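This report covers the sheets, selected buried residues, and the open and closed spaces of one protein model. The sequence and structure come first.

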Amino acid sequence: MDTMIIKSLGGAETVTGSKHLLKTSELTILVDCGLFQGVKSLREQNWESLNIDLAEIDIVILTHAHLDHCGYIPLLVKNGFKGKIYMTEPTKELAKLILLDSAKLQEEDAEKANYHHYTKHNPAKPLYTINDTEKSFKQFFTVKENISIQLSNHIQCRFKPCGHIIGACSVEIVCFDKTIIFSGDIGRSHSAILPPPDFFTKADFLVMESTYGDRLHDNTNLYDTLEHWINLTVKNHGNIIIPSFAVGRAQEVIYILSQLKEQNKIPYNLPIILDSPMAASATDIMVEYAEYTTVTKEKWLDIIEHVNINREYMNTQEIVYDKQSKIIIAGSGMLTGGRVLEYLKHDIGNSRNTVLIVGFQAEGTRGRALLNESHELKIHGKYYPVKANIVELTGLSAHADQSELMEWIKKYENPPKQIMLVHGEPSAQEALRVKIQTDLKIPVKILMKDREVIC
């Protein structure tokens, strides 16, 4: 039996910075290569050297395209990684989009810091540049789902769709006589636009996400809740602001709103504005890969035709001051930046307006502050009182809740000998650990950053 070692370089005891190392006698594989996001202490880790010699890494496997899973790739390549990076075709297109946006923002932030002299570095530099990012694309290799790929003499891998966003997959790695599964981010059992997560049936070891390991999503009818808050806000002559992740969430929200209009549940002439260049481009990719969704390409094209898509920042202020009630979908999803802040500055202080929170909000973000009932938000150096209605819609989460995670594990005909939890905050991980061990009698370990586990 060949020994394997698992070590998380990120995404351990937190939901960001996913980087999970699998060391074998033949290959060293890095599963996901994400940036840390959220509080400053986490973001600062992006600048620290990885606790491994990069020359040891032979292959990178990417489960999906979100920044906390792919955002470190340009830096990995910049610092000397020369191997292949495997992913699905939709993931490749989305990762290119997200990484180029990340590089652009970093270059802009460095330029602003140098211009306004609010940096302790002289000069401030981006983590990586657009040029660094484009160079990394040369190492992208696409794979088909459900087909085994030979990585070396005794190691194969296989991708299996797991919901969450288009192209997202769990990954099976068979190494000699052992099977290890990396779950990636597991999607919902019932998504408006994606098939339910597929699953593997056997594993010796399972490295599993635990984002919502301590909670159940609200089973209240999502369409009814949206109908209520949208109509109430329109009746009060207010605006509905939906901070949204550009990839996946924005498209699902657009689809659901279109359904509500078709069913005459909300005013048919109520403007829906998508104010996010990245979400607009992600929507184009969604249409191109419509076969990965449960919606036809023709239907997507019809839906988009009835959405006002704004790609230019110069138009945002005009939309902000338009007095007509409207639904605004804008980035960023956790309110850490982006155009949504312009709408919040104008609307957050008015009780006629409603902010719909439709995704996970990491610790230290403005989105988490709103969920924690903060009475004010600091935006661009100024404090704004929170008077608008703040409504969380967990039914739109792209992450499985505790019951869905448990059901996913139960589908294994041969239960794993060991489950290792990653991608979750400590309270969520501990709750899921206890639940699995109590109900399923499977040993569970919570992975800690840079701690090796021998398999």
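## Terms and basis

Helices (H or I, at least four residues) and strands (E, at least two) are DSSP runs, numbered from the N terminus. The model is predicted: local features need pLDDT of at least 70, side-chain atom pairs count only at pLDDT 80 or more, and totals for chains, interfaces and linings use all residues. Residues are numbered from 1 along each chain as its sequence is written, and side-chain values use heavy atoms, with hydrogens and water left out.

## The second largest pocket

Pockets and cavities are found on a 1 Å grid over the protein atoms alone: a cavity is a set of points where a 1.4 Å probe fits but cannot get out, and a pocket is an open set with protein on both sides within 12 Å along at least five of seven lines. Lining residues have an atom within 4 Å of a point. Grid points are joined across faces, edges and corners, and a volume is the space filled by probe spheres set on the points.

The second largest pocket holds about 390 Å³ of space. Its lining comprises 25 residues, with R188, H190, S191, L222 and G395 nearest the centre. Helices α6 (222–235) and α7 (249–262) each supply at least two lining residues, and α7 gives the most, with three. By class the lining has nine nonpolar, 11 polar and five charged residues; here Ala, Val, Leu, Ile, Met, Phe, Trp, Tyr, Cys and Pro count as nonpolar, Asp, Glu, Lys and Arg as charged, and the others, Gly among them, as polar.

## Cavities

Across the whole structure there are five cavities of 30 Å³ or more. The largest cavity has a volume of about 70 Å³. It is lined by 13 residues, and H20, D32, H69, G184 and V422 are the closest to its centre. The lining of the largest cavity divides into four nonpolar, six polar and three charged residues.

## The seven-stranded sheet

Two strands are taken to pair if DSSP finds at least two bridges between them. One open sheet has seven strands in the order β6-β5-β4-β3-β2-β1-β22, with mixed pairing. The edge strands are β6 (140–143) and β22 (452–454); each has a single partner strand, so one side of each is left without a neighbour in the sheet. Neighbouring strands of this sheet are turned by 25 degrees against each other on average, direction ignored. Such angles are taken between axes, which are lines fitted to C-alpha atoms (for helices over the stretch in contact), and run from 0 to 180 degrees between N-to-C directions.

Within this sheet, β4 (residues 59–61) and β5 (residues 84–88) run parallel and are joined by three bridges. I61 has Y86 of β5 as its bridge partner.

## The six-stranded sheet

A second open sheet has six strands in the order β14-β13-β15-β12-β16-β19, with parallel pairing. β14 (308–310) and β19 (389–392) stand at its edges, and each has a single partner strand, so one side of each lacks a neighbour in the sheet. The average turn between neighbouring strands is 20 degrees, direction ignored.

β13 (residues 272–275) pairs with β14 in the parallel sense over three bridges, and D275 has N310 of β14 as its bridge partner. Helix α8 (residues 277–288) lies across β13 and β14, at about 105 degrees to β13.

## Strand β11 and its surroundings

Buried means under 20% relative accessible area, exposed over 50%, and partly exposed in between (1.4 Å probe, protein chains only). In strand β11 (residues 205–209), five of five residues are buried. F205, V207 and E209 lie on one side and L206 and M208 on the other, so that both faces are covered.

β11 pairs in the parallel sense with β10 (residues 178–182) over three bridges, where F182 stands opposite V207. β11 also pairs in the parallel sense with β20 (residues 418–422) over five bridges, where M208 stands opposite L421. In helix α13 (residues 402–410), Q402, E404, L405, M406, W408 and I409 are buried. Their cover includes β9, β10, β11, β20 and α14 (426–440).

## Two buried residues

Contact means heavy atoms within 4.5 Å. E172, in strand β9 (residues 169–175), is buried with a relative accessible area of 9%. Not counting residues up to four places away in sequence, E172 touches Q156, C157, R158, T179, I180, I181 and F200.

A95 lies in helix α4 (residues 89–116) and is buried at 0% relative accessibility. Leaving aside neighbours within four places in sequence, A95 is in contact with L62, A65, C70 and F140. A95 and H64 are 31 residues apart in sequence and 7.9 Å apart in space, C-alpha to C-alpha.
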